[in-house]
Amino acid sequence: MKKINENYFINPNQNLNATSIDHILEKDEKILWRGKPLRKSFILNSFLKFLPFGLIWLCFDAGFIAFMVISFPEMPPFMIAFLCVFFAFHLIPVWIWVFSTISASKRQKIEEYAFTDKRILVKKGFIGSNIISLYYSSLTSVNLKIGIVEKMCKVGDIYIVANDQKVVLEDILDPSFICGKLQQIAHDIKTDVYFPNALRPKENQGYQTEYKGVSIDTKSNNNK
């Protein structure tokens with residue numbers, strides 16, 4: 001009978017944060033680039049994203065609430081209680097806008113992105129956090145979007161679509177450079193997977209080799 005290795009389930013990275021990107025790296029997996037949203041742009045976008053809809057909804061309900069306050073003396077108590085509960089739920093879009101704004105700072109601290117030589121890792125969350133893993137062979141498109149706020153802050157959003165998932169890398173510094181490098185990495189590795197014999201360099205005999213195609217200077221792209 002083959003001897004069981006008692007150390008098989010001992011995690012060599014057990015001292016790392018269990019929800020950190022470094023914690024889930026595979027053996028010999030290397031990070032090519034890592035970054036996170038620019039703080040001021042991320043918070044401003046969270047405030048402005050639902051601002052028009054939230055204000056319109058709030059103004060609409062405010063008129064009815066003002067009418068209720070005027071009519072309170074003539075209303076029975078059960079009707080007052082019912083209307084208070086009704087508008088507390090009816091204002092949910094406004095509460096979502098407020099929550100998105102006040103939670104933006106915490107979400108920005110948690111959110112982190114990384115490109116490795118095997119996949120894309122995206123960490124998001126608020127109270128907890130989750131890490132999304134996208135292998136380059138599953139990518140179908142990588143697109144860049146720069147809005148008004150992003151242009152002012154010199155950042156951009158990278159939209160990544162895989163076979164069954166969509167993720168957004170928000171408010172990335174030097175977005176055109178990072179997006180271009182990501183597209184190149186995805187193209188190189190997908191080519192290496194689908195055409196392993198015809199298009200692989202002689203030094204890479206077979207799959208499971210180290211990717212050496214692109215290096216990314218992280219000094220100018222990480223958010224401080």
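Contact here means that heavy atoms lie within 4.5 Å. The structure described below is a predicted model.

**Overall architecture**

The protein chain contains seven helices and seven strands. Read along the sequence, these elements follow the pattern β-α-α-α-α-α-β-β-β-β-α-β-β-α. Of the 224 residues in the protein chain, 35% count as buried. The accessible surface of the protein chain is about 14,500 Å², and carbon and sulfur atoms supply 63% of this area. Among the contacts in the protein chain with a separation of 6 or more, 59% join residues 24 or more positions apart.

**Val155 and Asp171**

Val155 belongs to strand β6. Its relative accessible area is 1%, so Val155 is buried, the limit being under 20%. Apart from neighbours within four places in sequence, Val155 is in contact with Leu38, Ser41, Ile146, Glu150, Asp171, Ile172, Leu173 and Pro175. One of these partners, Ile172, is 17 residues away in sequence, yet the C-alpha atoms of Val155 and Ile172 are 5.1 Å apart in space.

Asp171, another of the partners of Val155, lies in strand β7, which spans residues 166–173. Asp171 has a relative accessibility of 1% and therefore counts as buried. With neighbours within four places in sequence left aside, the contacts of Asp171 include Lys36, Pro37, Leu38, Ser41, Phe42 and Asn45. Asp171 is also in contact with Glu150, Val155, Gly156 and Asp157. Leu38, Ser41 and Glu150 appear among the contacts of Val155 and among those of Asp171.

**The largest nonpolar core**

In soluble globular proteins, nonpolar side chains tend to be buried together. The largest nonpolar core of this model has 24 residues, of which Phe115, Ile120, Tyr136, Leu139 and Ile160 touch the most other members. Two or more residues of this core come from each of β1 (31–35), β2 (112–116), β3 (119–125), β4 (129–135), β5 (139–145), β6 (155–162), β7 and α7 (175–194). The greatest contribution is that of α7, which gives six residues.

Tyr136 touches Phe115, Thr116, Asp117, Lys118, Arg119 and Ile120, among others, when residues up to four places away in sequence are not counted. On the same basis, Tyr136 also touches Leu182, Ile185, Ala186, Ile189 and Lys190.

Thr116, one of the residues touched by Tyr136, is found in strand β2. The relative accessible area of Thr116 is 0%, and this residue is therefore buried. Besides Tyr136, Thr116 touches Leu25, Glu29, Lys30, Ile31, Leu32 and Leu121, not counting residues up to four places away in sequence. Thr116 and Ile185 are 69 residues apart along the chain, and their C-alpha atoms are separated by 9.5 Å.

**A nonpolar patch on the surface**

Phe50, Val85, Phe89, Ile92, Trp95, Ile96, Val98, Phe99 and Ile102 form a nonpolar patch on the surface, with about 890 Å² of accessible area together. Helices α3 (77–90) and α4 (92–102) each supply at least two residues of the patch. The largest share, six residues, comes from α4. Val85 is found in helix α3. The relative accessible area of Val85 is 48%, and Val85 is therefore partly exposed.

**Backbone and cysteines**

Most residues other than glycine have a negative phi. Lys154, although not a glycine, has a positive phi of about 60 degrees. Lys154 is placed in the loop between α6 (148–153) and β6. Asp174 likewise is not a glycine and has a positive phi, of about 50 degrees. Asp174 lies in the loop between β7 and α7.

The table gives the accessibility of these two loop residues and of two cysteines.

| Residue | Relative accessible area | Class |
|---|---|---|
| Lys154 | 65% | exposed |
| Asp174 | 35% | partly exposed |
| Cys153 | 14% | buried |
| Cys179 | 5% | buried |

A disulfide requires a pair of cysteine sulfur atoms within 2.5 Å. By this rule the model has zero disulfides.

Conventions:
Residues are numbered from 1 along each chain as its sequence is written. This is a predicted model: local features need pLDDT of at least 70, side-chain atom pairs count only at pLDDT 80 or more; totals for chains, interfaces and linings use all residues. Side-chain values use heavy atoms; hydrogens and water are left out. Helices (H or I, at least four residues) and strands (E, at least two) are DSSP runs, numbered from the N terminus. Buried means under 20% relative accessible area, exposed over 50%, partly exposed in between (1.4 Å probe, protein chains only). A nonpolar core is a set of buried Ala, Val, Leu, Ile, Met, Phe, Trp, Tyr and Cys residues joined through side-chain atoms within 4.5 Å. Patches are made of residues with over 30% relative accessible area and no salt bridge: like charges are joined within 9 Å, nonpolar side chains (Val, Leu, Ile, Met, Phe, Trp, Tyr) within 5 Å. Accessible areas come from the Shrake-Rupley method with a 1.4 Å probe; for residues, only the protein chains shown count as cover. A salt bridge is a side-chain nitrogen of Lys or Arg within 4 Å of a carboxyl oxygen of Asp or Glu.
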